[in-house]
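Here are some exercises to work through at your own pace. Keep the sequence and the model open side by side, and try each task before reading its solution.

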Amino acid sequence: MKILAIESSCDETACAVVEDGTKELVSVVASSKDFHEKTGGVVPEVASRKQLEFIFPVLERTIEDYCEKIGYSGKEEAVASIDALAVTIGPGLIGSLVVGVTAAKTLSIAWKKPLIPVNHLVGHIYANFLGDPSEITFPAVCLLVSGGHTDLVLMKGHGDLVYLGGTVDDAAGECFDKVARMMGISKYLGGAVLSKKALECRDTGVAKLFPRPMLDQDNYDFSFSGLKTAVKRYLDGGERDIPCTARQFEEAVVDVLTVKTMKAVENFGVKSLLVGGGVSANTRLRESLKSATEGAGVKLSIPEPRLCTDNAVYIASAAYFNNAIKGLSEIRAEPSLNIMGLI
Ligand code: KG4
Ligand code: ZN
């Protein structure tokens, strides 16, 4: 079954075609990131206007690449081969989401295809199902670490998710971004920049400069705003070595994420850990979770970095595993499908 998915929850406009939830056939991602760099953060109005500007070229390009990849003679043949559409319906910026949802609903009417709504965070989990998901076993613990979310979820099966806990203030990615800005090394989306900077640290000392928030609490919640403040105070306190401060900060975030995640893994006795969201592209986090899961005999799944950040491939995968395998007859195929109650 081939699903064409659209993702437009924030500053990426993405479209992909995926077969049977696991085989990526084509993926196109356009980003308005450069525009937000100038303002040091996403201005929702700018993001939604860029969505509007990018959506048609991204859709066109997806169909063209799909034709070329499969060898279809023309767009009609390509469109006819698509079984269903999927679209991110939230969470995200409303102005950005509306663009993708409206495009998807319009195509659903024009092409007479069912439309499957997908939660963006559930989508991030499904980046782990691309390729060969045969080693993933249920129940699994999922760690979602993005710019807007830091959550631990127990996945009992497809469509059967239990929220365990999450951040009570800043998300891990947001904290990376704000600390990178404080350090003056990046104005927007500084996680990867900060991580690269940390590699320049030559200090081999092991003293921990920053707190590991909420590690002593018996729950699955996180808090990163105190850590951010601790870094700010430290930076304001004198001349600081930026690479080593970056490394100390990164280690604090990675420690907290690893310890709390492994606590959930142990307490629920799961044999699979799935990780998703932009921060899961972080090399130190990947290394730390790898060694923790190896020690515990747990299978770790983290998507390749390209699939950790926002794209439509995992939206198509989530749509397939949560709906399509039950049979298309169960999906309401009417064009009036009331996604978001907007139209
Ligand atoms: O999932 P995502 O692309 O968008 C949201 O849904 O939020 O995540 C973006 C977040 C940003 O905060 C970005 O700085 C962070 O992921 N990020 C990283 C790395 N790559 C992206 N954080 C730390 N290390 C990285 N290598
Ligand atoms: Zn995301």
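The exercises below deal with the ligand site, the disulfide and some backbone details.

This is a predicted model, in which local features need pLDDT of at least 70, side-chain atom pairs count only at pLDDT 80 or more, and totals for chains, interfaces and linings use all residues. Residues are numbered from 1 along each chain as its sequence is written, chains are lettered from A and ligands numbered from 1 in the order in which they are written, and side-chain values use heavy atoms, with hydrogens and water left out.

**Exercise 1. Describe the shell around ligand 1.**

Step 1: Collect the residues near the ligand (one heavy atom within 4 Å of it). You should find 18 residues, with G147, D177, G191, G278 and N282 the closest.

Step 2: Sort them by class, taking Ala, Val, Leu, Ile, Met, Phe, Trp, Tyr, Cys and Pro as nonpolar, Asp, Glu, Lys and Arg as charged, and the others, Gly among them, as polar. The shell then splits into 11 polar, five nonpolar and two charged residues.

Step 3: Map them onto the helices (DSSP runs of H or I, at least four residues; strands are runs of E, at least two; both numbered from the N terminus). At least two shell residues come from each of α5 (120-126), α6 (172-182) and α7 (191-198). The biggest share, three residues, belongs to α6.

**Exercise 2. Find polar contacts of ligand 1, and say how much of its area is buried.**

Step 1: Look for pairs of N or O atoms within 3.5 Å. On the side-chain side, a polar atom of N282 is 3.0 Å from a nitrogen atom of the ligand. Turning to the backbone, a polar atom of G173 lies 3.2 Å from a ligand oxygen, and an N or O atom of G148 lies 3.4 Å from an oxygen atom of ligand 1.

Step 2: Compute the accessible area (Shrake-Rupley method, 1.4 Å probe). Ligand 1 exposes 560 Å² when taken alone, and the protein buries 87% of that.

**Exercise 3. Locate the disulfide and describe its geometry.**

Step 1: Search for cysteine sulfur atoms within 2.5 Å of each other. The count is one disulfide: C201 pairs with C244, at a sulfur separation of 2.1 Å.

Step 2: Check the torsion. The link of C201 and C244 is right-handed, with 95° about the S-S bond.

Step 3: Place both ends. C201 is in the loop between α7 and α8 (225-236), while C244 belongs to helix α9 (residues 242-267), 43 residues apart.

**Exercise 4. Which residues does a cis peptide bond join at P91, and where is P91?**

Step 1: The cis bond joins G90 and P91, with omega about -5°.

Step 2: P91 sits in the loop between β4 (84-90) and α4 (94-111).

Methods:
Polar contact = N/O pair within 3.5 Å; in protein donor to acceptor, adjacent residues only side chain to side chain.
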